[in-house]
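Got the viewer open? Here is a route through the model, one selection at a time.

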Amino acid sequence: MDKNETNKKLQPRPPIVVVLGHVDHGKTTLLDTIRKTNVVAKESGGITQHIGAYQVEHNGKFITFIDTPGHEAFCQMRSRGAKAADIAILVVAGEEGVRPQTKEVIDCIKREEIPVIVAVNKMDKPQVNYEKTVGELEKEGLVVESRGGKIPAVKISAINGEGIKDLLEMVALVAEMEELKADIEKPAEGVVVESYMDSQRGVTATFLVLEGILKVGQWIICGHTYGKIKSLENFKEEKIEEAGPSTPTIVLGLNQVPIVGERFEVVESEEAAKSKIVEKLVESPKNIQAGPSASQRGELQSEGLGEEAKIFDIILKADVQGSLEAVKDSLMKLDLENICLNILKSDVGDISETDVKLAYPANATIIGFRVKASAAVLNLAKRTGAKIRNYEIIYELFEGVRKDASKLLKPETEREELGKLKIIAIFRKEKSRMIVGGKVLEGKIVNKTNLDVIRNGEKITSGKIIQLQHNKKDMAEVEKGREAGILFEGEPIIEEGDILENYRVEKKKREL
């Protein structure tokens, strides 16, 4: 393909901006002011319950903002290879200057080499010291333009809106210099920026499309989850049919809650989706070296897995490194039948709010060994539904993991034979129902149970008993030797002389 053909496929796209900074330095308020809605009022327990991304229009052009819950989530997203954002806005409160989390954000920005704009916030406060703030940034390697550097800086007040227009102008200028483009003809792909289980709508995820055009009806895979897109909505929660590059869209249709920061891609069919997931499981390394950096990728059992393999995601915390290694090594050797144990994160120390924030969107279980969880952490887990299991004895930990993992297994079904009835009369036939009469030959016939229809020794259809009568009276069951009337639901093909085999199916939980 020649260069002109390639250029035709590449279309300009809106910049994707992430807003980062130390807690309480005004990230949410800034996003609020730009969006002209009140995110703070929609927050519950300190965790932002919203779609995670939105777009604004400035001078006729769109800008997409990722609204992350914090720099940890963004850095985790980047570490998974999801180069989602084009520009970072570093928010620093002018009266406080550089704080510990500010330094962590700067390290992340430097590591990923993402263009950054400094927004010195709270300029409306009298105690603001702009020069001191940019001086502290210079010590961290961010030299702003006014001090001879290359980093643009804008003075703002997220409260009264001062400097917001200038900030958007700067974003537009940096975006123009970056010459952002995307291929709209390739299969859609992108990244998850928010996900949760909605009690009304089921699995709900916000995708940020990076390439191609995402459409209703397409099959998608996302890590170990997959599904067919049932519905797409824009950031205003309005129904749309498709979403192009740099567009945040709410997606319904996945079979499980995906992990924030995971990449998604469009595939041709359900079979292709399942096949790719199995490939990923089989190709995953079984033993990844321990340590916080490795734990970002997860440690995954992968040998001997079938196509119906279930993933059991856990976050592992232990009191000391020796305990962590021993527990982790033993867990990876556990035989959990067709369940794949995936350690999303493993490190030393007490269970933290960060662990809970990582666990709840991934539907992961936090496993603690000889560690503590504060009241605040337990309250956060209760509000979000994150599961915490804490153990003091190692064998109890293994038994607990087996017990939790066994909940993912399909229950075993047992068929209990109840009785047989021979059809002697057909009274009525409808679309999917029949009223028939017969005599009980063996055992008993029980109301609200299942039936197999047998003709000349072969099963021809199945159904269930909706109503059971004897002498025109409703019965719970009719014994051998008596006649019974049955309202049968199923394919209406029963004939005189057929045998109805009555049975009950019981589901039993499986244990590992």
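Buried, on this tour, means under 20% relative accessible area, exposed means over 50%, and partly exposed is what lies in between (1.4 Å probe, protein chains only). Go to W219 first: its relative accessibility is 18%, so W219 counts as buried. Y226 also counts as buried, because its value is 17%.

Before moving on, some ground rules: you are looking at a predicted model, where local features need pLDDT of at least 70 and side-chain atom pairs count only at pLDDT 80 or more, while totals for chains, interfaces and linings use all residues. Residues are numbered from 1 along each chain as its sequence is written, and side-chain values use heavy atoms, with hydrogens and water left out.

**Colour by confidence**

pLDDT is the predictor's confidence in each residue, from 0 to 100. The protein chain averages 83, and 84% of the residues score at least 70. Helices (H or I, at least four residues) and strands (E, at least two) are DSSP runs, numbered from the N terminus. Confidence peaks in strand β11 (residues 214-215), at 97, and bottoms out in helix α8 (residues 292-295), at a mean of 32. Now select residues 285-297: the pLDDT is below 50 there, and the stretch has 24 contacts in the model beyond near neighbours in sequence, a contact being heavy atoms within 4.5 Å. Where pLDDT is low, don't read the predicted coordinates in detail.

**Zoom out**

With the whole protein chain in view, there are 12 helices and 30 strands. Of its 512 residues, 50% are buried. Among contacts with a separation of 6 or more, 71% are between residues 24 or more positions apart.

**Into the core**

A nonpolar core here is a set of buried Ala, Val, Leu, Ile, Met, Phe, Trp, Tyr and Cys residues joined through side-chain atoms within 4.5 Å. Which residues have the most contacts inside the largest one? Select I66, L90, I109, V116, L137, L142 and L208, in a core of 30 residues. Elements that each supply at least two of its residues include β5 (87-93), α4 (100-112), β6 (116-121) and α5 (130-139). At least three core residues come from each of domain 1 (10-181) and domain 2 (184-280), with bounds taken from an automatic or database domain assignment.

Next, centre on I109: leaving aside neighbours within four places in sequence, I109 touches L20, A88, I114 and V116. A second, separate core has 25 residues, among them V56, I156, V171 and V174.

**Along α5**

Show the side chains of Y130, T133, V134, G135, E136 and L137, which are buried in α5. The elements covering the buried residues of α5 include β5, α4, β6 and β7 (153-155). Just after α5 comes G141, with a positive phi near 95 degrees.

**Rings and charges**

Rings of Phe, Tyr and Trp (its six-membered ring) pair if their centres lie within 6.5 Å; planes under 30 degrees apart count as stacked, over 60 as edge-to-face and the rest as tilted. The whole structure has four such aromatic pairs. Select Y54 and F65: they are stacked, 5.6 Å centre to centre with 20 degrees between the planes. Y54 and F65 are both buried. Back at W219 and Y226, the ring centres are 6.4 Å apart and the planes at 25 degrees, so this pair is stacked. Add F235 to Y54 and F65 and you have one aromatic cluster.

A charge sits over a ring if NZ of Lys or CZ of Arg is within 6 Å of the ring centre and within 35 degrees of the ring normal. Try K155, over the face of Y130 at 4.4 Å from the ring centre. Finish at R415, which lies over the face of Y503, 3.5 Å from the ring centre.
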